[in-house]
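Please take a moment to look over the sequence and the structure shown below before reading on. The paragraphs that follow lead through them one part at a time.

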Amino acid sequence: MPSNSSALRATTLLVVEDDRALLDALRPALETVADDLVTAGTVSEALAALAAQQPEIVILDLGLPDIAGADACRAVRAETGSPILILTARSSGGEKVKLLDAGADDYVTKPFATDELLARVRALVRRSRAAPAGTMAPATIIDGDLEVDLREGTASRGSVPLKLTRIEWAILRALASQPGRTFTHRQIFDAVWARPYGNPSQYLRVYMTHLRQKLEREPANPRFLITDPGVGYRLEVPPRREDA
Ligand code: CA
């Protein structure tokens, strides 16, 4: 649907990158996904830009001259609720956990293909418009004969009701608050349990296994309760079959 992709333009896109050559090379492509492009070369310039105008999406390079790494992400996150897409040279699982815990929404490893960057920007625009902060989206998950009503807290397969525990509902709702977004073990843990205890990743593995056994047709090959190995979990909402 071409009309769909052309609609997925950010109103304002803030790009924080000190590499002028890279910025100049990316500019024409970024202008295809944003009405208004604002640039900053340091974290302090980014904070000044955020104070003047809130962008819909932030692209943040982590190798900046004033503040670098996850600290840069934390500083930007403190000033905006908008999705942050990280440009990073590092790509280990541990680094990704650190970035997501610091408030990043997604990341791209340098060197990257421009198409990949644009696809991720569009995905963040789509996601942030589908699930504005503070609302729960979607209200239901329907996949074949499975129906989960997240607001009512009811689930069934065909005519057979499925019983989820209080904790299982809490995990499912935490993931459903932003479908497609990977939540780290720590983020899910903090959303579900008031007080952290034990090892979050081990604990969650047990609950996710139970949830998949209840909700997934093939628990070993999940369709919507997806593992991001070494990082966390995300919910992929199956597309609605309007003609079904
Ligand atoms: Ca840089």
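Is Asp18 buried, partly exposed or exposed? In this model, which is a predicted one, Asp18 has a relative accessible area of 34% and is therefore partly exposed, since that value falls between the 20% under which a residue counts as buried and the 50% over which a residue counts as exposed. Asp18 is also one of the protein donors of a calcium ion, together with Asp61 and Gly63, and these donors lie 2.2 to 2.5 Å from the ion. The two aspartates contribute OD atoms, whereas Gly63 contributes its O atom. Along the sequence the donor residues follow the spacing D-x42-D-x1-G, and the pair Asp18 and Asp61 links distant parts of the chain, because Asp18 sits in the loop between strand S1 (10-16) and helix H2 (20-30), while Asp61 belongs to strand S3 (residues 57-61), 43 residues apart. Unlike the partly exposed Asp18, Asp61 is buried, with a relative accessible area of 5%.

The strands S1 and S3 lead on to the sheet. An open sheet is formed by 5 strands in the order S2-S1-S3-S4-S5, and their pairing is parallel. Strand S2 (34-40) and strand S5 (106-109) stand at the edges, where each has a single partner strand, so that one side of each is left without a neighbour in the sheet. From one strand to the next, the twist averages 20°. As a general point, the strands of a sheet pair through backbone hydrogen bonds, and they do so either parallel or antiparallel. S1 and S3 pair in the parallel sense over 4 bridges, and Val15 has Ile59 in S3 as its bridge partner.

Helices can then be placed relative to this sheet. Helix H3 (residues 43-52) lies across S1, S2 and S3, and it runs at about 160° to S1. Helix H6 (residues 114-130) also packs on the sheet, where it touches S1, S3, strand S4 (84-88) and S5, and the direction of H6 makes about 180° with that of S5.

Further along the chain comes helix H7 (residues 166-176), in which 8 of the 11 residues are buried, so this helix is largely enclosed by the rest of the structure. Among the buried residues of H7 are Ile167, Trp169 and Leu172, and Glu168 is buried as well. Arg166 is found in H7 too, but this residue counts as exposed, at 67% relative accessibility. Between the C-alpha atoms of Arg166 and Val192 the distance in space is 9.6 Å, although the two residues are 26 residues apart in sequence.

The last part of the picture concerns aromatic rings, for which a search of the whole structure finds 2 pairs. In one of them, the rings of Phe189 and Tyr203 have their centres 5.8 Å apart and their planes at 85°, so the pair is edge-to-face. Phe189 lies in helix H8 (residues 185-192) and Tyr203 in helix H9 (residues 200-215), so the pair ties together parts that are 14 residues apart in sequence. Phe189 is buried, with a relative accessible area of 0%, whereas Tyr203 counts as partly exposed at 27%. The rings of Tyr203 and Tyr207 have their centres 6.0 Å apart and their planes at 40°, so this pair is tilted. Both tyrosines lie in helix H9, 4 residues apart, which is about one turn of the helix. Phe189, Tyr203 and Tyr207 form one aromatic cluster. Elsewhere, Arg181 lies over the face of Phe183, at 5.3 Å from the ring centre.

How values were computed: Residues numbered from 1 in each chain as written. Predicted model: local features only at pLDDT ≥ 70, side-chain atom pairs only at ≥ 80, totals over all residues. Heavy atoms only, no water. Donors = N, O, S within 2.8 Å, 3.2 Å for Na, K, Ca; no water. Helix = DSSP H or I, 4+ residues; strand = E, 2+ residues; numbered from the N terminus. Buried < 20%, exposed > 50% of the residue type's maximum accessible area, 1.4 Å probe, protein only. Pairing = 2+ DSSP bridges. Axes fitted to C-alpha atoms, helices over the stretch in contact; angles between N-to-C directions. Contact = heavy atoms within 4.5 Å. Phe/Tyr/Trp six-rings, centres within 6.5 Å; stacked < 30°, edge-to-face > 60°. Lys NZ or Arg CZ within 6 Å of the ring centre and 35° of its normal.
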